[in-house]
Amino acid sequence: MNASPLAVHDDGPEGVYTRGAGEMREWWRVSLSERANLFRIEHGHGDAATGKVDIDTVVDLDNLDAKLLKWRREGFAADAGREDEARAAEAGSRFGAELRLAAASARAARRGAHGAGSEVRTVRIGTVDVPVAQAALNGAPASQARVPRINDAYLFTARTDDIAMDIVENRRVMLIGHMGSGKTSFVEQIAARTGHGVLRANMNGQTTIGDFVGFWTVKGGETVWVDGVLPIAMREGAWLIIDELDFAEPSILAVLTAVLEPEGRLLLKERGNEIVTPHPEFRLFATANAAGAMSAYRHLYQGANLLNEAFLDRWRVYLFDYLSKDEEAEVLRRTLPQLPPALAPTLAAIAADCRAAFAREDLASAFSTRRLIDWAELMLRTGDAERAAGPSIYAKVSAEDAALIRSIIRHHAIFDADQGAR
Ligand SMILES: Nc1ncnc2c1ncn2[C@@H]1O[C@H](COP(=O)(O)OP(=O)(O)OP(=O)(O)O)[C@@H](O)[C@H]1O
Ligand SMILES: [Mg+2]
């Protein structure tokens with residue numbers, strides 16, 4: 001006997017199976033027979049409860065299984081399932097409507113809070129109003145040194161609205177995605193526009209727990225404490241971006257866990273248990289290439305640690321995909337206005353094709369927006385797309401990958417004819 005009759009039995013095949021509606025409604029009813037291991041099946045039209053039965057017979061489990069399959073093929077479905085589906089759909093649409101209403105009134109309340117006498121100056125990022133740093137309003141020059149430069153070519157897309165709102169609400173944000181998809185620059189560009197200082201710590205072998213938290217040292221015969229990036233950012237109210245968090249040492253992750261709560265304070269054990277309370281403008285961000293939903297790509301980012309779920313649960317985690325073709329063409333046009341207009345979409349299409357090849361595992365290397373911009377810049381300098389691809393693309397990947405990328409580029413016919421023959 002095959003396995004499926006048992007599966008049907010486990011689900012309970014009893015019930016009414018119908019197709020059509022009203023007068024056209026046709027049904028099969030399955031119930032347990034009085035005889036062991038047998039089922040009674042009845043057939044009729046109209047209402048199964050009151051309608052006339054024109055077939056009434058008894059079948060065993062194998063036979064019933066075959067009939068269920070046949071009925072399903074003929075368009076019969078279990079009434080119970082239909083009712084469940086209808087109930088779920090109704091509840092879903094009701095919850096959906098209620099949720100949208102609740103979100104709208106929360107938005108209105110936020111606008112009211114900003115408007116009512118409070119002097120919060122904001123900058124609009126996408127559709128979100130992000131408060132400007134107090135220091136920027138006071139013109140405090142020292143903290144301004146940490147504010148990133150505005151990149152006018154930066155394109156905020158719809159994907160970033162939720163993250164901007166998280167910043168307003170002081171949530172911990174982790175951006176995961178392939179290299180050069182725009183994770184770091186996104187945070188920097190919001191900070192640049194709102195006047196917030198940014199500190200960065202890269203966890204890929206460069207940051208020790210001492211750099212991160214602080215250390216004692218001897219200066220001019222005196223022992224002095226030097227704050228690490230975390231307490232500096234917390235005291236000043238700067239934004240801290242921890243890059244490549246999935247490479248961090250466990251001791252750093254342990255320290256971080258404590259400050260992940262919105263008001264989370266830092267305990268400097270080394271400094272006689274001094275407690276550092278976060279400045280209200282302090283924000284914490286992390287980027288990672290291979291955490292969470294990106295874990296399938298861990299082989300590409302050798303040495304990346306698996307961040308456990310309890311740790312990830314303390315963050316809002318966003319998957320940062322590459323920009324769409326249209327968005328990337330727009331970024332190229334904004335970044336390099338001298339680029340011939342028709343070239344931007346072609347270059348974006350090449351990048352998209354390379355990424356598709358990467359997703360199929362035909363290419364071992366991802367194709368970043370950074371790489372695309374760099375190639376285009378070099379193209380403008382050399383006037384030669386193939387030559388420009390050397391240092392910006394080919395030399396960074398394996399010979400096989402370079403050959404495939406070259407053929408993708410050729411396919412888009414941007415090399416001069418004579419170069420194609422080389
Ligand atoms: N939306 C965008 N608008 C304009 N430029 C962008 C955009 N997204 C990415 N870029 C460009 O791509 C470059 C790489 O982005 P970024 O450094 O933020 O990537 P990343 O995801 O942090 O990369 P990595 O994983 O290597 O750290 C940026 O310097 C910028 O030039
Ligand atoms: Mg980065």
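Visitor: What's the class mix in the shell around ligand 1?
Guide: Seven nonpolar, eight polar and two charged residues. Gly counts as polar here, and Asp, Glu, Lys and Arg as charged; Ala, Val, Leu, Ile, Met, Phe, Trp, Tyr, Cys and Pro are nonpolar, and the others polar.

Visitor: Anything to know about the model?
Guide: It's predicted, so local features need pLDDT of at least 70 and side-chain atom pairs pLDDT 80 or more, while totals for chains, interfaces and linings use all residues. Residues count from 1 along each chain, chains are lettered from A and ligands numbered from 1 as written, and side-chain values use heavy atoms, without hydrogens or water.

Visitor: Which residues come nearest to ligand 1?
Guide: Leu-155, Gly-180, Lys-183, Thr-184 and Ser-185, out of 17 around it (a heavy atom within 4 Å).

Visitor: And what touches the ligand's oxygen atoms?
Guide: Lys-183 has a side-chain N or O atom 2.7 Å from one. A polar side-chain atom of Arg-370 is 3.0 Å from an oxygen, and a backbone N or O of Gly-182 is also 3.0 Å from one. Polar contacts here are N or O pairs within 3.5 Å.

Visitor: How much of ligand 1 gets buried?
Guide: The protein buries 84% of the 640 Å² that ligand 1 exposes alone (Shrake-Rupley, 1.4 Å probe).

Visitor: Why does it lie between two domains?
Guide: Because domain 3 (125-319) and domain 4 (325-421) both give residues to its shell; the bounds come from an automatic or database assignment.

Conventions
A polar contact is a pair of N or O atoms within 3.5 Å; within protein, one must be able to donate a hydrogen and the other to accept it, and residues adjacent in sequence count only if both atoms are side-chain atoms.
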